[in-house]
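Student: I have a structure open and would like to practise reasoning from values to labels. Could we go through it together?

Tutor: Gladly! Bring up the view and we can begin.

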Amino acid sequence: MTPADREWRLIEEETWHGPTNMALDEVAARTAAEDGLRTARVYRWGPSTLSLGYNQAPESVDWDYCEDAGVTVTRRPTGGGGIYHDYTGDISYTLVAPADELPGDLMDAYHVLCQPILDAFSRMGIDADYVDESMPELHRPACYLRELHPAHDIVADGKKISGNAQYRQRDAVIQHGSLSYSLATDRHLGVFSDPPASETFEDRVTSIRELAGISRDEAVSAVEDALSDWADADPGEWRDDELADARDLAGEKYATDAWTRETN
């Protein structure tokens, strides 16, 4: 079966604060496991947010900078380094489906769920694909500067343009990812306590605006259209109980110092 043979809903771009975005992913996993309703969602982070990898050391964050710059900090359930999700410069997505509908092999599961993301780049006129081979780590705390992996790192013009991560919870697979619309180099590096030079970041990372010259709205529409076609999904919305549960979960877990400021 293909994704289009299943029941999906597409939740078009919404803006949530960082902890709520993480909570909504977890709630969508429960819905997929219990009700069989799969979710494709596109979203932005308001205010701009640093999402830490699950095992990332809190000492790698410049907490004073984040507070002064109005950057929220939360922690993802997935590994890797921190990602600065700029309100303007980042486009994020999540795909959630029951685990028994996807390959058990991690690489194969990535290749299924990244299909619409690669299609979205194609619709934007960007020649993007998985990185051919591993590229060396430049700065461990920053996800976009870690070693690039052929399983889930997408490059264009030889530079990283999208990172994707996966985890399994409540008998569901959650894949979320970030597409770089525009670079906010100073803020992306400023959130870290010992950042590298700006040139290091800009030599490794590129953006949709740089390569395609399209507006952010056009880029978001390309992502939404690619997801809709891939899953044969019409626009949908969250149920009231899901939103209530996400608000509770964000407050009880993803917004707490115990979750964000302590190494897991």
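Student: Why is Tyr54 called partly exposed?

Tutor: Bear in mind that this is a predicted model. Tyr54 has a relative accessibility of 31%. Buried means under 20% and exposed means over 50%, so Tyr54, at 31%, counts as partly exposed.

Student: What makes Tyr54 and Trp259 an aromatic pair, and why is the pair called tilted?

Tutor: The ring centres are 5.8 Å apart, and the cut-off for a pair is 6.5 Å. The planes make an angle of 55°. Stacked would need under 30 degrees and edge-to-face over 60, so the 55° of Tyr54 and Trp259 is classed as tilted.

Student: How do you know that this pair links distant parts of the chain?

Tutor: Look at where the partners sit: Tyr54 is in the loop between β3 and α2, while Trp259 belongs to helix α10 (residues 257-260). The two residues are 205 residues apart.

Student: Is Trp259 buried or exposed?

Tutor: Buried, because its relative accessibility is 11% and the limit is under 20%.

Student: What makes the pair of Tyr254 and Trp259 edge-to-face?

Tutor: Their planes are 80° apart, and over 60 degrees counts as edge-to-face. The centres lie 5.2 Å from each other. Tyr254 is buried too, because its relative accessibility is 0%. Ring pairs thus link Tyr54, Tyr254 and Trp259 into a cluster.

Student: How many aromatic pairs does the structure have?

Tutor: The count is four, and it includes the ones we have just discussed.

Student: What makes you say that Arg261 sits over the ring of Trp63?

Tutor: The charged end of Arg261 is 3.9 Å from the ring centre of Trp63, where the cut-off is within 6 Å. A charge must also lie within 35 degrees of the ring normal. Another case is Arg44, which lies over the face of Tyr87 at 3.8 Å from the ring centre.

Student: How do you know that Cys66 is in no disulfide?

Tutor: The structure holds zero disulfides. For Cys66, the nearest cysteine sulfur is that of Cys143, 16 Å away, whereas a disulfide needs sulfur atoms within 2.5 Å. Cys114 is likewise in no disulfide: its nearest cysteine sulfur, again that of Cys143, is 13 Å away.

Student: Are Cys66 and Cys114 buried or exposed?

Tutor: Cys66 counts as buried because its relative accessibility is 1%. Cys114 is buried as well, with a relative accessible area of 0%. Set both against the limit of under 20%.

Student: What makes β3 and β4 a pair of strands?

Tutor: Four bridges join β3 to β4 (residues 72-75), where at least two are needed. These two strands run parallel, and one bridge partnership is that of Leu50 with Val73 in β4. β3, helix α2 (residues 63-69) and β4 make a right-handed β-α-β unit.

Student: How does β5 join in?

Tutor: β5 (residues 83-85) pairs with β3 over three bridges, in the antiparallel sense. Ser51 stands opposite Ile83, and Thr49 stands opposite His85.

Student: Why is the pairing in this three-stranded sheet called mixed?

Tutor: The order is β4-β3-β5, in an open sheet. β3 runs parallel with β4 but antiparallel with β5, and the pairing is described as mixed. The twist averages 25° from one strand to the next.

Student: Why do β4 and β5 count as edges?

Tutor: Each has a single partner strand, so one side of each is left without a neighbour in the sheet.

Student: Which way do the residues of β3 point?

Tutor: Thr49 and Ser51 point one way and Leu50 and Leu52 the other, and all are buried.

Student: Which strands are the edges of the eight-stranded sheet?

Tutor: Its order is β7-β8-β9-β10-β6-β2-β1-β11, again open and with mixed pairing. β7 (128-130) and β11 (234-235) stand at the edges, because each has a single partner strand. For β7, three bridges lead to β8 (residues 153-156) in an antiparallel arrangement, with Asp129 opposite Val155.

Key
Residues numbered from 1 in each chain as written. Predicted model: local features only at pLDDT ≥ 70, side-chain atom pairs only at ≥ 80, totals over all residues. Heavy atoms only, no water. Buried < 20%, exposed > 50% of the residue type's maximum accessible area, 1.4 Å probe, protein only. Right-handed = clockwise from strand over helix to strand, strands pointing away. Phe/Tyr/Trp six-rings, centres within 6.5 Å; stacked < 30°, edge-to-face > 60°. Axes fitted to C-alpha atoms, helices over the stretch in contact; angles between N-to-C directions.
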